[in-house]
Amino acid sequence: MAGPLEQFQIKSLVDGPVDAVAYTNSSLWMSVTVVVVTVFMLLGMSKREMVPGRWQSLAESMYEFVGNMIRDNVGDEGRKFFPFIFTLFMFILFGNLLGLIPGSFTFTSHIIVTLCMAMFVFLMVTLVGLAKHGLHFFSFFVPSGAPVALYPLMIPIEIISYLSRPVSLSVRLFANMMAGHTMLKVFAGFVFGLGAVTAGVGGILPIAMMVALTGFEILVAFLQAYVFAVLTCLYLNDALHLH
Amino acid sequence: MTEGDNKPSSDDFDARLRAARNAYEARSGRSSSTGDGTQPKSGMQGLGFALRVGTELVAATGIGVAIGYGLDRWLGTGPWLLIFFLFLGGAAGVTNVYRLASGMDQGVGWRRPGDNTPEKDDGRGKS
């Protein structure tokens, strides 16, 4: 029986020219996610009915959800970041959800993937802030209302606090996905263990637990995609509207 | 809530819109704001909040240690910068947690732009 952590193993499907480059199961599921999101949106948007059908309503509610999130958290200037945040949200959401299909691979459970996305967000937000405010952007790190004597202490703290953003952003997503999937696998192991001892009867309890956990994981999949997107919005807001 | 209207981007209007929306949400009973984050949370929400606090603390401390270690390697100044930045990172972590708990949510600087930004409900659930 596979151990609880074996599901996170990266396997090379197509070897690249060098060892470090390969098309892995992680890449495969990223591609699947992109295709599924594209098909989902294309199918939803192709008919453009006045009264939306099921697909169109789903696609529209996704659009509105992200649109409202940006408007509430960033404001009008955030509108031009809609494509970016929408893509990010859909990619993470569908990655999380597709990862829940038995036998699939959850690429968001790898910190390299989430850290890469978080670093991209972080760099983009910083560059946006720099482009909008120029060197005035660095006044961001000067705490307002603090005595000048404390500046040498407070400014490094603010900078570290700023730099810790991508780390906490990525760790949150990765840890949640990895913990959830490990938990599911551990409980799945209990099914065999308890079932073998008690002639199959004891397996019912862990199965019931797994059903509950799967529901919970779907919630987490939504929530984490939402948190990632909403924090991106907040960071954008910070960069666009310096205090 | 109407969609796709080209509202004027004045802060005043935003503030009024928020007030109206909050009033609407309070009336319709589906409040999407967690309040100031200091209200008691229960069950999964509390766990999510705790997990998030832990992440913030560890992330900031880790960044501090990384900076200190890097500077030490670069400047060859023994363990001193590492120790210094360890504490600085810890302080940054506590700052982050303080901001999270007081509802300012990681905003750098002590004031949020637009004094009454609605609170985000990202501290909820298993975050």
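Among contacts in chain A between residues at least 6 apart in sequence, 68% join residues at least 24 apart. Keep that figure in mind as you open the model, which is a predicted one.

**Stop 1: chain A as a whole**

Select chain A and show it as a cartoon. You should find 6 helices and 2 strands. Start at the N terminus and follow the chain. The elements come in the order β-β-α-α-α-α-α-α.

Now think about the inside and the outside. Chain A has 243 residues, and 47% of them count as buried. Switch on a surface. The accessible surface of chain A is about 12,000 Å². Carbon and sulfur atoms account for 76% of that area.

Next, color by confidence. The mean pLDDT of chain A is 87. A score of at least 70 is reached by 99% of its residues. Where is confidence in chain A lowest, and where is it highest? The low end is strand β1, residues 12–15, with a mean of 82. The high end is α3(A), at 94.

**Stop 2: two helices that pack**

Select residues 25–46 of chain A, which form helix α1. Add residues 82–99 of chain A, which form helix α3. Two packed helices are described by the angle between their axes and the distance between the axes. Here the angle is about 115°, and the axes lie 9 Å apart. The crossing of α1(A) and α3(A) is right-handed.

Show side chains where the two helices meet. On the α1(A) side, pick residues including Trp29(A), Met30(A), Phe40(A) and Met41(A). Several valines of α1(A) also take part, among them Val32(A), Val34(A), Val36(A) and Val37(A). On the α3(A) side, look for Phe86(A), Met90(A), Phe91(A), Phe94(A), Gly95(A) and Leu98(A). What kinds of residue make up this contact of α1(A) with α3(A)? The count is 13 nonpolar, 2 polar and no charged.

**Stop 3: Asn25(A)**

Stay in helix α1 of chain A and select Asn25(A). Is Asn25(A) buried or exposed? Its relative accessible area is 10%, and the cut-off for buried is under 20%, so Asn25(A) is buried.

Which residues does Asn25(A) touch, leaving out those up to four places away in sequence? They are Gln9(A), Ile10(A), Lys11(A), Leu13(A) and Phe105(A). Now draw a line from the C-alpha atom of Asn25(A) to that of Phe8(A). The separation is 9.9 Å, and the two residues are 17 apart along the chain.

**Stop 4: Ile159(A)**

Move to helix α5 of chain A, residues 151–197, and select Ile159(A). Ile159(A) is partly exposed because its relative accessibility is 33%. Add Phe141(A) to the selection. The C-alpha atoms of Ile159(A) and Phe141(A) are 6.3 Å apart, with their positions 18 residues apart in the numbering.

**Stop 5: two residues in helix α6**

Helix α6 of chain A covers residues 204–240. Select Val227(A), which sits in this helix. Val227(A) has a relative accessible area of 2%, so this residue is buried. Draw a line to Arg172(A). C-alpha to C-alpha, the distance is 9.1 Å, while the sequence separation is 55 residues.

Then select Ala212(A), also placed in helix α6 of chain A. Ala212(A) is partly exposed, with a relative accessible area of 48%. Add Leu184(A). Ala212(A) and Leu184(A) are 28 residues apart in sequence, and their C-alpha atoms are 10.0 Å apart.

**Stop 6: chain B**

Hide chain A and select chain B. How many helices and strands does chain B have? There are 3 helices and 0 strands. Along the sequence the pattern is α-α-α.

Chain B has 127 residues, and 36% of them are buried. Chain B exposes about 7,100 Å², with 63% supplied by carbon and sulfur atoms. Among its contacts between residues at least 6 apart in sequence, 56% join residues at least 24 apart.

**Stop 7: confidence in chain B**

Color chain B by confidence. The average pLDDT is 67, and 52% of the residues score at least 70. Of the elements in chain B, helix α1, residues 11–28, has the lowest mean, 71. Helix α3 of chain B, residues 80–101, has the highest, 88.

Finish with two stretches. Select residues 1–8 of chain B, where pLDDT stays under 50. The model has 16 contacts beyond four places in sequence for residues 1–8 of chain B. Then select residues 30–41 of chain B, where the pLDDT is also below 50. Beyond near neighbours in sequence, residues 30–41 of chain B have 22 contacts in the model.

Note on methods:
Residues are numbered from 1 along each chain as its sequence is written. Chains are lettered from A and ligands numbered from 1 in the order in which they are written. This is a predicted model: local features need pLDDT of at least 70, side-chain atom pairs count only at pLDDT 80 or more; totals for chains, interfaces and linings use all residues. Side-chain values use heavy atoms; hydrogens and water are left out. Helices (H or I, at least four residues) and strands (E, at least two) are DSSP runs, numbered from the N terminus. Buried means under 20% relative accessible area, exposed over 50%, partly exposed in between (1.4 Å probe, protein chains only). Contact means heavy atoms within 4.5 Å. Accessible areas come from the Shrake-Rupley method with a 1.4 Å probe; for residues, only the protein chains shown count as cover. Axes are lines fitted to C-alpha atoms, for helices over the stretch in contact, and angles run from 0 to 180 degrees between N-to-C directions. A crossing is left-handed if the near helix is turned anticlockwise from the far one by less than a right angle, and right-handed if clockwise. Ala, Val, Leu, Ile, Met, Phe, Trp, Tyr, Cys and Pro count as nonpolar, Asp, Glu, Lys and Arg as charged, and the others, Gly among them, as polar. pLDDT is the predictor's confidence in each residue, from 0 to 100.
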